[in-house]
Amino acid sequence: MRSHAMKKADQILRAVAAKDVTLTLIGESGCGKEVLARRAHELSERRRGPFVPINCAAIPDALFESELFGHERGAFTGASERAKGKVEAAERGTLLLDEIGEMPMPMQAKLLRFLENRRYMRVGGATKIEADVRLMFATLRPLDQEVRAGRFRADLFYRIQGITLNVPALRERRADIAPLLNQFTAQHSARHGVRPPRFSRQAKALLLRYDWPGNVRELRNVVETLCLLRDGRQVRVADLPEGVRSQVMPEEAAAGVSRASTSLVLDLDDGLESLIQQIVEAALERDGGDKIKAAARLRISLRTVQRYVAAGRVRVPSVRVRGEQKAAKR
């Protein structure tokens, strides 16, 4: 990641990953909390063990204890055989309790007891089992707010209050959008066996300006859809989801077109040659593929523009420009 916020988060992870301390990640849904927790696991001595995430909001209250600690055969109706819980599945590894604030109050008391001695019993069992597992937590809202609201036990809050890491929303770290866009494009193209699409200047600019209320998860889903629908072709503004267009450019959303612009968003980390290619391609796109006009706009020779096009370094709309060959000879 390129944003200052995520570089700082990575520094904290590197500092605490090797220590068996409790790590709590706070941030909006889809902002990458599980990704950071997994990274902390991979940087730790437990990286050879499993990483097991569990979403506390997705488990019915009646099944929570069994899901966490497992159960013995016959422990309840339908328990036809012994089943491991997430704690046992994460042995010698890491267990991430996502959305810990949604854990039922009765289960919070049992989790607190487990944290005190790292021993538990399967539901319907009579033997205590020792657990060698590191616990991490993730939450949408700061847990102290949940304590004040009476939805979270104060004693459990103080027990798990170790290293707290605030994960900013994607709109607060826009420098990460471009590298994530490239990463997801490569991943989904390879996964689905399609050619990676190429984003037009206007389409990419809109994606960089969009607020991404669904954060990284929303960006991943949008890119996957575009990879499937465009399959090697250029992604235009009209191809973007209506939600993106309506937020960033509401006046043109219905028509699916963007205003002509002479501005360009560049990433200095792309390197000089890549930046030059992007500038030449943007000028060609701005002038409808007219190489003469694009060269004049950039104050460079027509031969330079033609050389980039001929080498396949830039793409240009398929147009026929009269007089271009004559101008090249001059």
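A residue counts as buried here when its relative accessible area is under 20%. Keep that cut-off in mind as we walk through this predicted model, starting with a residue that falls just on one side of the line.

Glutamate 224 sits in helix α10, which covers residues 215-230. Its relative accessibility is 18%, so glutamate 224 counts as buried. What does glutamate 224 touch, once residues up to four places away in sequence are set aside? The answer is His188, Arg191 and His192. With arginine 191 there is a polar contact between the two side chains, at 3.2 Å. Alanine 186 is worth finding too: 38 residues separate it from glutamate 224 in sequence, yet the two C-alpha atoms are 9.8 Å apart in space.

Now hop over to another acidic residue, aspartate 239. Look for it in the loop between β9 (234-235) and α11 (242-248). Its side chain makes a polar contact with the side chain of arginine 230, at 3.3 Å. A polar atom of that same aspartate 239 side chain also lies 2.8 Å from the backbone nitrogen of arginine 236. If you ignore neighbours within four places in sequence, aspartate 239 is in contact with Leu226, Arg230 and Gln234.

Next, the sheet. Five strands make up an open sheet in the order β2-β3-β6-β1-β7, and they pair in parallel. At the edges are β2 (51-55) and β7 (163-166), each pairing on one side only. From one strand to the next, the twist averages 20°. Zoom in on β1 (residues 23-26) and β6 (residues 134-139): these parallel strands are joined by four bridges. Leucine 23 is a handy landmark, since it stands opposite methionine 136 in β6.

Lying across β1, β6 and β7 is helix α1, residues 4-16, which runs at about 160° to β7. Its 13 residues reach 19 Å from first C-alpha to last, close to the 18 Å expected at 1.5 Å a residue. Which residues of α1 are buried? They are Met6, Ala9, Leu13 and Val16. These four cover an arc of only 90° around the axis, so they end up on the same side of α1. The spacing fits a general rule: an α-helix has 3.6 residues a turn, so residues three or four places apart point the same way. The buried residues of α1 pack against β1, α2 (33-42), β6 and β7. Turned away from that buried side is a face carrying the exposed residues His4, Gln11, Arg14 and Ala15.

Methods:
Residues are numbered from 1 along each chain as its sequence is written. This is a predicted model: local features need pLDDT of at least 70, side-chain atom pairs count only at pLDDT 80 or more; totals for chains, interfaces and linings use all residues. Side-chain values use heavy atoms; hydrogens and water are left out. Two strands pair if DSSP finds at least two bridges between them. Helices (H or I, at least four residues) and strands (E, at least two) are DSSP runs, numbered from the N terminus. Axes are lines fitted to C-alpha atoms, for helices over the stretch in contact, and angles run from 0 to 180 degrees between N-to-C directions. Contact means heavy atoms within 4.5 Å. The expected span of a helix is 1.5 Å times one less than its number of residues. Buried means under 20% relative accessible area, exposed over 50%, partly exposed in between (1.4 Å probe, protein chains only). The arc is that of the directions from the helix axis to the C-beta atoms. A polar contact is a pair of N or O atoms within 3.5 Å; within protein, one must be able to donate a hydrogen and the other to accept it, and residues adjacent in sequence count only if both atoms are side-chain atoms.
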